[in-house]
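Here is a friendly walk through one small set of structural features. Have the sequence and the 3D view open as you read.

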Amino acid sequence: MNRVYVCSCFGITEQQVEQHAQDGACTPRQIASACKAGTDCGGCVRRIQALLGRGACPRREQIAQRPPVLVTAAAEALPQRPAAA
C-alpha cells in the first residue's frame, strides 16, 4: 500500500483527508477539526487546500442550490402585498 502523507506531524494521509472531505469537511479548518492535520506546524495547510479543491464537496453542491442569504433575507423583510384580483 502506497501512503502519501499530507501531515507528517500527525501522520495524516491524502486518503484520510479525502475521506474526511467525502464526510462533509470542505475547508482546511474542518479537516483540522476532524483529524488535527494543519494544527501543529501548518506546513500541510496548502496541500490540504489543494486536495479539497480537486474534488466536489457534497456541501458545496447543496449550498450552490440555495438562494443567496442576502436575497432571502431581503425578500422576507419586504412587506407582503395582497394579490391583485
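## The protein as a whole

Of the 85 residues in the protein, 22% are buried. Keep in mind that this is a predicted model. About 6,600 Å² of the protein is exposed, and carbon and sulfur atoms supply 53% of that area.

The protein has 5 helices and 2 strands. Starting at the N terminus, you will meet the elements in the order β-β-α-α-α-α-α. If you take the contacts between residues at least 6 apart in sequence, 49% of them join residues at least 24 apart.

## Two sides of helix α2

Let's turn to helix α2, which spans residues 28–35. Which of the residues of α2 are buried? They are Ile31, Ala32 and Cys35. These three cover an arc of only 100° around the axis, so they sit on the same side of α2. A general rule is handy here: an α-helix has 3.6 residues a turn, so residues three or four places apart point the same way.

Now rotate the view to the other side of α2, where Arg29 and Ser33 are exposed. Just after α2 comes Lys36, and its phi is positive, near 75°.

## Where α1 meets α2

Helix α1 covers residues 14–22, and its axis comes within 10 Å of the axis of α2. The two axes cross at roughly 105°. Because angles of 65 to 115 degrees count as roughly perpendicular, α1 is roughly perpendicular to α2.

Which residues make the contact? From α1 come Val17, His20 and Ala21, while α2 brings Ile31, Ala34 and Cys35. Sorted by type, the residues of this contact of α1 with α2 are 5 nonpolar, 1 polar and no charged. Two of the names may look familiar: Ile31 and Cys35 take part in the contact, and they are also among the buried residues of α2.

## A closer look at Glu14

Glu14 is another residue to find in your viewer, and it lies in helix α1. Is Glu14 buried or exposed? Its relative accessible area is 16%, and since buried means under 20%, Glu14 counts as buried.

What does Glu14 touch, leaving out residues up to four places away in sequence? Its partners are Val4, Val6, Arg47 and Leu51. Try displaying these side chains together with Glu14 to see the contacts for yourself.

How values were computed:
Residues numbered from 1 in each chain as written. Predicted model: local features only at pLDDT ≥ 70, side-chain atom pairs only at ≥ 80, totals over all residues. Heavy atoms only, no water. Buried < 20%, exposed > 50% of the residue type's maximum accessible area, 1.4 Å probe, protein only. Helix = DSSP H or I, 4+ residues; strand = E, 2+ residues; numbered from the N terminus. Arc of directions from axis to C-beta. Contact = heavy atoms within 4.5 Å. Areas by Shrake-Rupley, 256 points an atom, 1.4 Å probe, with all protein chains shown as cover. Axes fitted to C-alpha atoms, helices over the stretch in contact; angles between N-to-C directions. Parallel < 35°, antiparallel > 145°, perpendicular 65-115°, else oblique. Nonpolar A, V, L, I, M, F, W, Y, C, P; charged D, E, K, R; others polar.
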